[in-house]
Amino acid sequence: APEEFDGLDLVVLESDKHPDIEAIAAKGAKVVGYLSVGEVHRTRAYHDEVRREGILVYENPVWPGAFAVDVRDPRWRRRVLDELIPSILARGFSGVFLDTVDTATDLERRESGKYAGASLATIDLLKAMRARFPGIAIVLNRGYDILPAVAAHVDMVLAESFVTAWDFDNKRPRLAPEGQKRAEISLLEEARRSNPKLRVLVLEYWPPEDRAQLVRLYAQVRALGYAPYVASVELDRVLPEPR
């Protein structure tokens, strides 16, 4: 229900099926819609069209049904800029949450020759978003490899699984290695130096019944000057911060 989001200043929602955006925004929250930049899930209405275009590459082994897209293809760029983002904004969202931007880098690592330039194409696409839609909120999920090149063109960056890490094999969270956290802090702080207005968000996954650990996670993130939220991995409910 919209009132469950009371007290939050930023809400990221699934862009196709979502609660009342206007009611949530009326309470003061900025509401942005989810957009997968580097992958297309088979549940998306445009999946079949993109598949017929021949620009889907491989299925994500971690998220069955999600297929990497060749972001270098001009048809994907046109679809994102001319159709997908305008459609999200037309629903009442005030910006976009960009997921799977790391997929392009993964493609280059898999086959550097075949997919050379995928990361650069993603950078160009994000810059084109800012130029085309200068007034919207752009939230980047991770994308650390391209962050130095796009930090000035986005409003927020989300460090997903920053203090914690998700164990896909055992389907449970664990605390992340200290070295990983330090490396990510270095990247994030470099980005903030290039864009002092950049807001750093942190999303952690942890069982909501473990209230003591949730309190510690919120405190650790806030101590760094970042904005935390701890969720269940399903992301299917609003979990208030424990007091």
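Here is a chat about salt bridges in this predicted model.

Trainee: What should I keep in mind about the model?

Mentor: It's predicted: local features need pLDDT of at least 70, side-chain atom pairs count only at pLDDT 80 or more, and totals for chains, interfaces and linings use all residues. Residues are numbered from 1 along each chain as its sequence is written, and side-chain values use heavy atoms, with hydrogens and water left out.

Trainee: Why is the pair Arg-79 and Glu-53 called a salt bridge?

Mentor: The term needs a side-chain nitrogen of Lys or Arg within 4 Å of a carboxyl oxygen of Asp or Glu. Here the closest N and O atoms are 3.1 Å apart, so the pair fits the definition. Arg-79 sits in helix H3 (residues 74-90) and Glu-53 in helix H2 (residues 47-53), 26 residues apart; helices are DSSP runs of H or I, at least four residues, numbered from the N terminus.

Trainee: What makes Arg-79 buried or exposed?

Mentor: Buried means under 20% relative accessible area, exposed over 50%, partly exposed in between (1.4 Å probe, protein chains only). Arg-79 has 5%, so it counts as buried. Glu-53, at 22%, is partly exposed.

Trainee: How do you know that Glu-241 and Arg-243 pair up?

Mentor: Their closest N and O atoms are 3.9 Å apart, so that's a salt bridge. Arg-243 is at 82% and therefore exposed, while Glu-241 is partly exposed at 22%.

Trainee: Which residues are linked in a network of salt bridges?

Mentor: Glu-14, Asp-16, Arg-44 and Arg-91. The structure holds 21 salt bridges.

Methods. Helices (H or I, at least four residues) and strands (E, at least two) are DSSP runs, numbered from the N terminus.
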